[in-house]
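Student: I've got a structure open and I'd like to learn how to read it. Could you walk me through a few features, one at a time?

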Protein chains: 2
Amino acid sequence: MHRTKVRIVEEALDANNTIAHANRADFDRAGVSVVNFMSAPGAGKTSLLERVVGNVPGVRVGVLEGDVQGSLDADRLAGLHVPVTQLNTDPSFGGECHLDANMVRSALDAVPLAEIDMLVIENVGNLVCPAEFKVGEDVRVMVSAVTEGEDKPLKYPLMFRTCDLVLVNKIDLLAHLDYDLDRFLYNVDQVHPGVRCMLVSARSGEGIDAWRDWLADVAHARQGAPA
Amino acid sequence: MHRTKVRIVEEALDANNTIAHANRADFDRAGVSVVNFMSAPGAGKTSLLERVVGNVPGVRVGVLEGDVQGSLDADRLAGLHVPVTQLNTDPSFGGECHLDANMVRSALDAVPLAEIDMLVIENVGNLVCPAEFKVGEDVRVMVSAVTEGEDKPLKYPLMFRTCDLVLVNKIDLLAHLDYDLDRFLYNVDQVHPGVRCMLVSARSGEGIDAWRDWLADVAHARQGAPA
């Protein structure tokens, strides 16, 4: 029974990778850089996007919003006059806890790839399954809020291991928490040595320039014109 | 293809319910009340357990710790001299993002049911899938930290709809956040009218007595001796 289960997971991931490659090919044809943006619920993904999506220098950013239900985040971002596409994972019961390549593919007709240079895919808030499914992205960015505690890299290692940038958010609250930032950074380094960590606050604006510049660099690397 | 997928989910849930009933029968025979304890990562489940598990009046509490990987939380609780059993969901790749009835069943041999009156099952940190799987519990308790924002009931409705108590944690941070508590409580009421919400802080101790008393009431209701 256990063998069967593993086989099913592998087949699902093989199929996912095939579709992720097809997504990747579409993004390449359109010259669009893609960011898979992930975190636990409430870590601040949407707030961190609100801070930057309208003003990455020379880069037109679009957003694909993955949510179990509703369009709260898409509504927030649409106010910034960037193209936003909503993708709900709730066809029945509790909904899917992650985006996979096929869900993203099913939404691509609604994404104006010709009008953007970068697509940020805001995944469902979850530190486990989103990390298991490639969707055709160039890079993975995760947010870990300091309010979540220092132990998260050790408890959810795949998410931290497979990302290209860790945004350490809500640092405006550090003075009010029993949170050991050095311990967190040490834990990140244990599971993903050398990965870049950026200290940010969507609320105070601290670190937001660096986050915006990082996105610009990703887009410019594809365009062959580094900033 | 869509029909096939729904059928698989239903069969998985049917099988899960069958095993959940078997767990329930074992708990009944042992006279043990069971709490399925859920939240997003970092909401404070373990800290809220540390505050109460050793001193629920007249109730011997044991804990079953569900984690993708590691035993950090179990180690914290073991220091309180209550029986703690670790259950890891990571046989391969990224691990399971929730506990199901069969995972709990596989751990029951290691849980000293004869020596406890209440078993708290600390689920994997996730606001989606844990709500979909019964494990044989009497009650469901979820934690929503104020640092996660007011919108979570609307984005993850099944979790809020299926719980018997919402612990609103980290209220010691309210003065430092742009968080509208009334809006949050209104949102909870939209998806689960009348569910009890308890304001707590694992850090300051505020509200902890009420949380402990609520657990005592659950155990005493089974024992036929209400507090």
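**Strands, contacts and charges**

Tutor: Let's start with one pair of residues: A:V63 stands opposite A:V120 in β4(A). Keep in mind as we go that this is a predicted model.

Student: Which strand pairs with β4(A), and in what sense?

Tutor: That's β2(A), and the two strands run parallel, with 5 bridges between them. β2(A) also pairs with strand β3 (residues 84-88) of chain A, again in the parallel sense over 5 bridges. For a point to click on there, take A:G66, whose bridge partner in β3(A) is A:L87.

Student: How do I read the side chains along a strand?

Tutor: The general idea is that in a regular strand the side chains alternate between the two faces of the sheet. Now the case here: A:V61, A:V63, A:E65 and A:D67 point one way from β2(A), while A:G62, A:L64 and A:G66 point the other way.

Student: How many residues of β2 in chain A are buried?

Tutor: 7 of its 7 residues, so to speak of the strand as mostly covered is fair by the cut-off of under 20% relative accessible area. Both of those facings of β2(A) are made up of buried residues.

Student: And in chain B, which residues of strand β3 are buried and which are not?

Tutor: There the two faces differ: B:T85 and B:L87 point to one face and are buried, whereas B:V84, B:Q86 and B:N88 point to the other and are not. β3(B) is joined to strand β2 (residues 61-67) of chain B by 5 bridges, and the two run parallel. One of the residues on the face that isn't buried, B:Q86, is the bridge partner of B:E65.

Student: Let's move to the place where the chains meet. How many residues does each chain put into the contact?

Tutor: Chain A gives 41 residues and chain B gives 41 residues. The area buried between chain A and chain B is about 3,500 Å², and carbon and sulfur atoms give 59% of that.

Student: What about polar links across that interface?

Tutor: The general idea first: side chains of opposite charge can pair when their charged atoms come close. Across the interface of chain A and chain B there are 6 salt bridges. One to look up is A:D178 with B:R203, where the closest N and O atoms are 2.9 Å apart. The interface also has 11 residue pairs in polar contact.

Student: Which helices of chain A supply at least two residues each to the side that touches chain B?

Tutor: α1 (2-30), α3 (72-78), α5 (152-155) and α6 (157-161) each do. By class, that side of chain A has 19 nonpolar, 10 polar and 12 charged residues.

Student: How many salt bridges are there over all chains?

Tutor: The count comes to 34. A good one to practise on is A:D73 with A:R76, with the closest N and O atoms 3.8 Å apart. These two are about one helical turn apart because they sit 3 residues from each other in helix α3 of chain A.

Student: Are A:D73 and A:R76 buried or exposed?

Tutor: A:D73 counts as buried because its relative accessibility is 1%. A:R76 is partly exposed, at a relative accessible area of 34%.

Student: Where can I find a salt bridge in a helix of chain B?

Tutor: Go to helix α1 (residues 2-30) of chain B: B:R29 and B:D26 both lie there, 3 residues apart, about one turn of the helix. Their side chains meet in a salt bridge at 2.4 Å, N to O. B:R29 counts as exposed because its relative accessibility is 65%.

Student: Which residues are joined into one network by salt bridges that share partners?

Tutor: A:E50, A:D67, A:D73, A:R76 and B:K155. You've already met A:D67 as a buried residue of β2(A).

Student: One last stop: what is B:S47 in contact with, beyond its neighbours within four places in sequence?

Tutor: B:R76 and B:A202. B:S47 is found in helix α2 (residues 45-50) of chain B, and it counts as partly exposed because its relative accessibility is 27%. Also check B:L77: its C-alpha atom is 9.1 Å from that of B:S47, with their positions 30 residues apart along the chain.

Terms used
Residues numbered from 1 in each chain as written. Chains lettered and ligands numbered in written order. Predicted model: local features only at pLDDT ≥ 70, side-chain atom pairs only at ≥ 80, totals over all residues. Heavy atoms only, no water. Contact = heavy atoms within 4.5 Å. Buried area = accessible area lost by both parts, 1.4 Å probe. Salt bridge = Lys/Arg side-chain N within 4 Å of Asp/Glu carboxyl O. Polar contact = N/O pair within 3.5 Å; in protein donor to acceptor, adjacent residues only side chain to side chain. Helix = DSSP H or I, 4+ residues; strand = E, 2+ residues; numbered from the N terminus. Nonpolar A, V, L, I, M, F, W, Y, C, P; charged D, E, K, R; others polar. Buried < 20%, exposed > 50% of the residue type's maximum accessible area, 1.4 Å probe, protein only. Pairing = 2+ DSSP bridges.
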